[in-house]
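Colleague: Hi, I have a few quick questions about this one. Could we go through it together?

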Amino acid sequence: MLGLPTSVLAQKKLAIGVNGGTYGVGGELTYRLTDRINARAGYHAITYSHSDSYNDLEVGIDYTGNLDVSNIALMVDFFPFKKVLKLTAGVYLMDWKMNGNAIPNEAYEFDDTHSFEPERLGTLTADV
């Protein structure tokens, strides 16, 4: 069972969890140090991409966006009253990357006298 010594599992000192939420999908490993203190480590990640076109009464736009999130958590749980209350302290190391771009997909007409082709309007790019 995960290559762990049977004495560790028999003493119920180790817990493995799988979870998901706004930080992504991942898991945690919890180790009981004492009856009132746990140490936890976790990793969560999510990747999302979207491309589409937006068209209204003005210029239409083709856009793409990408999100890449990964987090490492290192925490210590303290139970001052056994299992009634848990106080947690720790650190989250976050690596969030977002980027996107938008490109006009048609000409823009200004005052019915001027026309700007998509190549002249340019591209909007963002990296966060």
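Modeller: Happy to. Let me start with Arg32, which is partly exposed at a relative accessible area of 24%. Here buried means under 20% relative accessible area, exposed over 50%, and partly exposed in between, with a 1.4 Å probe and protein chains only.

Colleague: Before we go on, what kind of model is this, and how are residues numbered?

Modeller: This is a predicted model, where local features need pLDDT of at least 70 and side-chain atom pairs count only at pLDDT 80 or more, while totals for chains, interfaces and linings use all residues. Residues are numbered from 1 along each chain as its sequence is written, and side-chain values use heavy atoms, with hydrogens and water left out.

Colleague: Thanks. Back to Arg32, which side chain meets it in a salt bridge?

Modeller: That would be Asp35, at 3.3 Å from N to O. A salt bridge here is a side-chain nitrogen of Lys or Arg within 4 Å of a carboxyl oxygen of Asp or Glu. Asp35 is exposed, with a relative accessible area of 53%.

Colleague: How many salt bridges does the structure hold?

Modeller: Four. One of them joins Lys97 and Asp95 at 3.9 Å, N to O. Lys97 is partly exposed at 45%, and Asp95 is partly exposed at 37%. Salt bridges that share partners also join Glu28, Arg40 and Asp77 into one network.

Colleague: In that network, how far apart are the closest N and O atoms of Arg40 and Glu28?

Modeller: They are 3.2 Å apart. Arg40 lies in strand 3 (residues 37-54) and Glu28 in strand 2, so the bridge ties together parts that are twelve residues apart in sequence. Strands are DSSP runs (E, at least two residues), helices are runs of H or I with at least four, and both are numbered from the N terminus.

Colleague: And are Arg40 and Glu28 buried or exposed?

Modeller: Both Arg40 and Glu28 are buried.

Colleague: New topic: how many aromatic pairs are there?

Modeller: Two. Rings of Phe, Tyr and Trp (its six-membered ring) pair if their centres lie within 6.5 Å; planes under 30 degrees apart count as stacked, over 60 as edge-to-face and the rest as tilted. The rings of Tyr23 and Tyr92 have centres 5.2 Å apart and planes at 40 degrees, so that pair is tilted. Tyr23 sits in the loop between strand 1 (14-21) and strand 2 (24-32), and Tyr92 in strand 5 (residues 87-104), so to speak distant parts of the chain, 69 residues apart.Colleague: What about Tyr23 and Trp96?

Modeller: Their ring centres are 6.4 Å apart and the planes are at 85 degrees, so the pair is edge-to-face. Trp96 is in strand 5, 73 residues from Tyr23. Tyr23, Tyr92 and Trp96 form one aromatic cluster. Tyr23 is partly exposed at 31%, Tyr92 is partly exposed at 33% and Trp96 is partly exposed at 38%.

Colleague: Last one: how far apart in space are Leu14 and Thr30?

Modeller: They are 5.7 Å apart, C-alpha to C-alpha, and 16 residues apart in sequence. Leu14 lies in strand 1 and is partly exposed, with a relative accessible area of 21%.
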